[in-house]
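Let's take a friendly walk through a protein, looking at how its side chains meet. Have the sequence and the 3D view ready, and find each residue as we reach it.

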Amino acid sequence: MVICKSIVASQEVINTQKQTNHTIGFVPSMGALHEGHIALITASKQAGNFTVCSIFVNPTQFNNQEDFEKYPVSIEADIALLIHYRCDVLFLPSVSEMYPNNGLKLTKPYPLSALENVLEGQYRPGHFQGVCQIVERLLTIIHPHHLYMGSKDYQQFMVISFLLQFNPALSTIQLHLQPTVREQSGLAMSSRNRRLSDENLKKAAALYQSLLFVKAHILQFTIPELEHLVTQMLLKAGFEKVDYISIADANTLMSIASVQPNQPAVVLAAAYIQGVRLIDNLMLN
Ligand code: AMP
């Protein structure tokens, strides 16, 4: 695996591959890699792509300084994992490489409309602007044929789908959504899980259990009843705070009053345990 810390070096390696007609698959990440990330690398490799992973903890997408400072970093272990799974390039830029001249500020906001006023957008103001800012930069540098993202961050996937349509230079990139990889307990794998004690790691599985409960009881209760019941379940299981439990249209993420057979629906949740904010979601049909 080649490790490139500069934009120029990464483009040199990637352009050589493009010239020999290799397709490029790209997995952007913030590191502290786990099986969820590896599933994306593997999907890209299995599709025959020359595969690039980036690790960059992007300061502009954190609306909470403490969350940024405590974001887990394990670069040596990440490199070993990427080598093991035969990733071809690790792009590992510094903040000054991605934001030269301290240019962290967005000059023009992305018109994300309703997508950034609900759920993660509502509870993490500015988060998706920062995500678009960094992903647009990464895609402009690497310009992959295929982009792999995880369902765990479903709203982020929708935001990036928007970005690919919004910027015509990126419109040929094919976006692939991969299933959420879970611990045996059902807990969605996440870099933030590393901040949990063993005891809270076990308790955190209640987040997925609550989504399964919604799916199993969707016809039995009204949506407000379900949202209330599940919030109580999470608090009882050891979560300190629930930002949201939302049953929404899977194409718009707008909350819905009832689930119709022909309308794709998803339940999404965000809650805190041991001061760590976890998110998860589950398709309902
Ligand atoms: P992150 O490093 O958290 O920014 O995530 C990088 C990519 O990995 C994103 O596309 C995430 O959706 C994806 N990802 C994170 N956790 C999982 C998981 N448990 N299963 C599948 N994909 C995941």
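## Rings and charges

Start with two residues in this predicted model: F62 and Y71 are both buried. Their ring centres lie 5.7 Å apart and their planes meet at 75 degrees; angles over 60 degrees count as edge-to-face, so this pair is edge-to-face. These two rings also have company, since F62, F68 and Y71 make up one aromatic cluster.

How many aromatic pairs are there? The count comes to seven. One of them joins F56 and Y99, with 6.2 Å from centre to centre and 40 degrees between the planes, which makes the pair tilted. Follow the chain and you will see that this pair links distant parts: F56 is in the loop between β3 (50-55) and α3 (65-69), while Y99 is in the loop between α5 (95-98) and α6 (119-123), 43 residues apart. Like the pair we began with, F56 and Y99 are buried.

Now let's turn to charge. Side chains of opposite charge can pair when their charged atoms come close. In this structure there are ten salt bridges. Take D88 and K45, whose closest N and O atoms are 3.1 Å apart. This salt bridge connects distant parts of the chain, with D88 in the loop between α4 (75-84) and β4 (89-91) and K45 in helix α2 (residues 35-46), 43 residues apart. The relative accessible area of K45 is 27%, so K45 is partly exposed.

Next, find D67 and R192, whose side chains form a salt bridge at 2.9 Å, N to O. D67 belongs to helix α3 and R192 to the loop between β6 (174-178) and α9 (198-203), so this pair ties together parts 125 residues apart in sequence. Are these two partners buried or exposed? D67 has a relative accessible area of 14% and is buried; R192, at 13%, is buried as well.

The last pair to visit is D243 and K241, a salt bridge with its closest N and O atoms 3.7 Å apart. Why does D243 count as buried? Its relative accessibility is 10%, and buried means under 20%, so D243 falls within that class. K241, at 43% relative accessibility, counts as partly exposed. Finally, go back to D67 and R192 for a wider view: salt bridges with shared partners join D67, R124, R192 and R195 into one network.

How values were computed
Residues are numbered from 1 along each chain as its sequence is written. This is a predicted model: local features need pLDDT of at least 70, side-chain atom pairs count only at pLDDT 80 or more; totals for chains, interfaces and linings use all residues. Side-chain values use heavy atoms; hydrogens and water are left out. Rings of Phe, Tyr and Trp (its six-membered ring) pair if their centres lie within 6.5 Å; planes under 30 degrees apart count as stacked, over 60 as edge-to-face and the rest as tilted. Helices (H or I, at least four residues) and strands (E, at least two) are DSSP runs, numbered from the N terminus. Buried means under 20% relative accessible area, exposed over 50%, partly exposed in between (1.4 Å probe, protein chains only). A salt bridge is a side-chain nitrogen of Lys or Arg within 4 Å of a carboxyl oxygen of Asp or Glu.
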